[in-house]
Amino acid sequence: MIPEAAGAGPALVSFAPAPGAAPLSRMIAAQTAAETRNLLRNGEQLLLTLIIPLLLLSMLSLEPIVNFGGGISRIDFMVPGVMALAVMSTAFTSQAIATGFERRYGVLKRLGATPLSRGGLITAKTVTVITVELLQAVLILAVGLIIGWRPDASVAAVITVPLLILLGTAAFSGLALAMAGSIRAEATLAAANLVWFVLLGTGGVVFPLTKFPSGARHFFELLPTGALSTGLRSVLAHGVAFPVGNTVTLLVWAVAAIAVAARVFRWE
Amino acid sequence: MSSAPAVEISGLVKRYGPATAVDGLTLSAARGAVTAILGPNGAGKTTTIEICEGYRHPDQGTVRVLGMRPGTSELRPRVGVMLQSGGIPPSVPAADFLTLLSRFHAHPVDPAALLELVGLSGSARTPYKRLSGGQQQRLSLAAAVIGRPELVFLDEPTAGMDPQARHATWELITGLRGAGVSVILTTHFMDEAERLADHVAIIDNGRMVAEGTPAELTGSAGQLRFRAEPGLDIEGLLAALPPGSMAKESPAGHYVIEVVGGVVDPTLLATVTAWCAERGVLANSLRIESRTLEDVFLELTGRELRG
């Protein structure tokens, strides 16, 4: 029989060896809950993943700061763009910064000595990102609907929107881990914020790519943010069933970024 | 349960570029015992322990932990680890981190009871970065034992602790041993090794320089020490002592006498005091004592400062 630890007082704590790993699903659930709580407790992360996207959505949809053209309404333009921004914020910038500092503080090293495997840890990080994205999606859709968004999409959108977001998440996560796992935490912090800012401007998020010269436009559409925002906009605003080009672009990014991350990631 | 030693290291070599951190180390740590790895800074203690934990790989030699290759998924639940520093997210409260780790194990110690045992119940909601250095060490120690492991690696467990926390930590380590847990710890505190360890391995420059029980290492080598005016005639004193005795003045006015066989007997004491009396010398603070582990350590590893 395994002697159980008593909770009544310190004198009754038993250290009699009774080693054993918890079931993998329980470990992943515990790690996911811890990571999600850490993200939602962190002010800067909340600013990045929730507050800025929602502010951009509500302000730019209501105020004629940018002239979009292209025959769709301001809100039709903004909702898909902000969705792409939200995915980039969570899967790329937020994850890169959090993971970079976990590596720097030796947290990844310490977790490596626990029964939670590296695969289990990566799974927990992925589930955490998807959990935060679901929260973002609910809030973006709610705010969008409140301020008058009426999507014009085919029924295929229930498949293609999640597919595009999933591929975008995989691509951004691969890039985030490649960066966080190979360079210093401070450099990751700076670079992840800079990339976020540049792609906010050139990713078709709040500023239409159609306003750029055609060469630049095609280049920006080949970047993950441009591919995701353009793809989402085709589906949600233009009624396209399946934006093949953007999907393939994101798929290539996802495969390449994850391959690079697997190669360059250092746990300590 | 197999009867393999807790840790078996044989011919271990680890290099970092041109520097050799561990240079042919062979060491066996028994099950259920406390083994202390003692050495100056840069001796290779942390490298050795991190190879046992599976963080680094040997360049040469073999390491077996509970009879298995280090760091495997089969081994990890059976082994508790306390890193020398860090490993805990700065903004996470103490209780949350311990609870998280407890969920990775099948039969963990109750996190709240363990926090109380290490004296952190009052800081359960305090983020790691706001704990004092000693409190951080205690949380890290608690994390190493929460999964009820068979073996724990503690890398300088009492560094940065105040005397109360050190004693509480020693008590916990003694408790682990009493429960049958094998403990491997590194330290450069002599009193810690002397008090806790069943077996002490002194390493320097990546090599074993001595090992044994604390009693074996300090030997029965009795010493007679006294203080008197500086510049006594050491040669004359030696002539009065049994052949092979050793006498020295270090520092000035402090005299140490050691005899072959290491037993200071009443005759030796009488000889020394008589010799002093004939010269009108009053031997102050006269005492008979065994060598300390510190004496052995400094003798073996030298007195120069290490980086």
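Domain bounds here come from an automatic or database domain assignment. Keep that in mind as you start with chain B of this predicted model.

**Stop 1: chain B, split by domain**

Colour residues 7–217 of chain B as domain 1 and residues 220–290 as domain 2. Put a pseudo-atom at the C-alpha centre of each, and the distance between domain 1 and domain 2 of chain B should come out at 42 Å.

Now show the whole of chain B as a cartoon. You'll find ten helices and 13 strands. The C-alpha trace of chain B spans about 75 × 45 × 40 Å along its principal axes. Of its 307 residues, 41% count as buried. If you have a contact map handy, take the chain B contacts with a separation of 6 or more: 70% of them are between residues 24 or more positions apart.

**Stop 2: the end of chain B**

Select 266–278 in chain B, which is helix 9. How far apart are the end C-alpha atoms of this helix? They are 18 Å apart, and that agrees with the 18 Å that 13 residues should span at 1.5 Å a residue. After helix 9 of chain B comes B:G280, so check its backbone torsions: phi is positive, near 65°.

**Stop 3: over to chain A**

Hide chain B for a moment. Chain A has ten helices and zero strands, so its element string reads α-α-α-α-α-α-α-α-α-α from the N terminus on. Its C-alpha trace spans about 75 × 40 × 30 Å along the principal axes. Buried residues account for 47% of the 268 in chain A. On the contact map of chain A, 80% of the contacts between residues at least 6 apart in sequence join residues at least 24 apart.

**Stop 4: where the chains meet**

Bring chain B back and select the contact between the two chains. It takes 32 residues from chain A and 39 residues from chain B. Which elements of chain A give two or more residues to the side that touches chain B? They are helix 1 (24–41) and helix 4 (107–111), and helix 1 gives the most, with six residues. Colour that side of chain A by class and you get 19 nonpolar, eight polar and five charged residues.

**Stop 5: helix 1 of chain A**

Stay on helix 1 of chain A and zoom in. Its 18 residues reach 26 Å from first C-alpha to last, close to the 26 Å expected at 1.5 Å a residue. Show sticks for A:M27, A:I28, A:Q31, A:A34, A:E35 and A:L39, which are buried. Then look down the helix axis: the buried residues fall within an arc of 135°, so they line one face of helix 1 of chain A. As a reminder, an α-helix has 3.6 residues a turn, so residues three or four places apart point the same way.

What covers those buried residues? From chain A, the cover includes helix 2 (43–62), helix 3 (74–104) and helix 5 (118–146), and from chain B it includes helix 2 (94–102).

**Stop 6: A:S234**

Last, jump to A:S234, in helix 9 (residues 224–237) of chain A. Is A:S234 buried or exposed? It is buried, with 21 other C-beta atoms within 10 Å, where the cut-off for buried is 20 or more. Neighbours within four places in sequence aside, A:S234 is in contact with A:V240 and A:P243. To finish, draw a C-alpha to C-alpha distance from A:S234 to A:P17: the two are 60 Å apart in space and 217 residues apart in sequence.

Definitions and conventions. Residues are numbered from 1 along each chain as its sequence is written. Chains are lettered from A and ligands numbered from 1 in the order in which they are written. This is a predicted model: local features need pLDDT of at least 70, side-chain atom pairs count only at pLDDT 80 or more; totals for chains, interfaces and linings use all residues. Helices (H or I, at least four residues) and strands (E, at least two) are DSSP runs, numbered from the N terminus. A residue is buried if 20 or more other C-beta atoms lie within 10 Å of its own, exposed if 12 or fewer, and partly exposed in between; C-beta atoms are placed from the backbone. Two residues are in contact if their C-beta atoms, placed from the backbone, lie within 7 Å. Ala, Val, Leu, Ile, Met, Phe, Trp, Tyr, Cys and Pro count as nonpolar, Asp, Glu, Lys and Arg as charged, and the others, Gly among them, as polar. The expected span of a helix is 1.5 Å times one less than its number of residues. The arc is that of the directions from the helix axis to the C-beta atoms.
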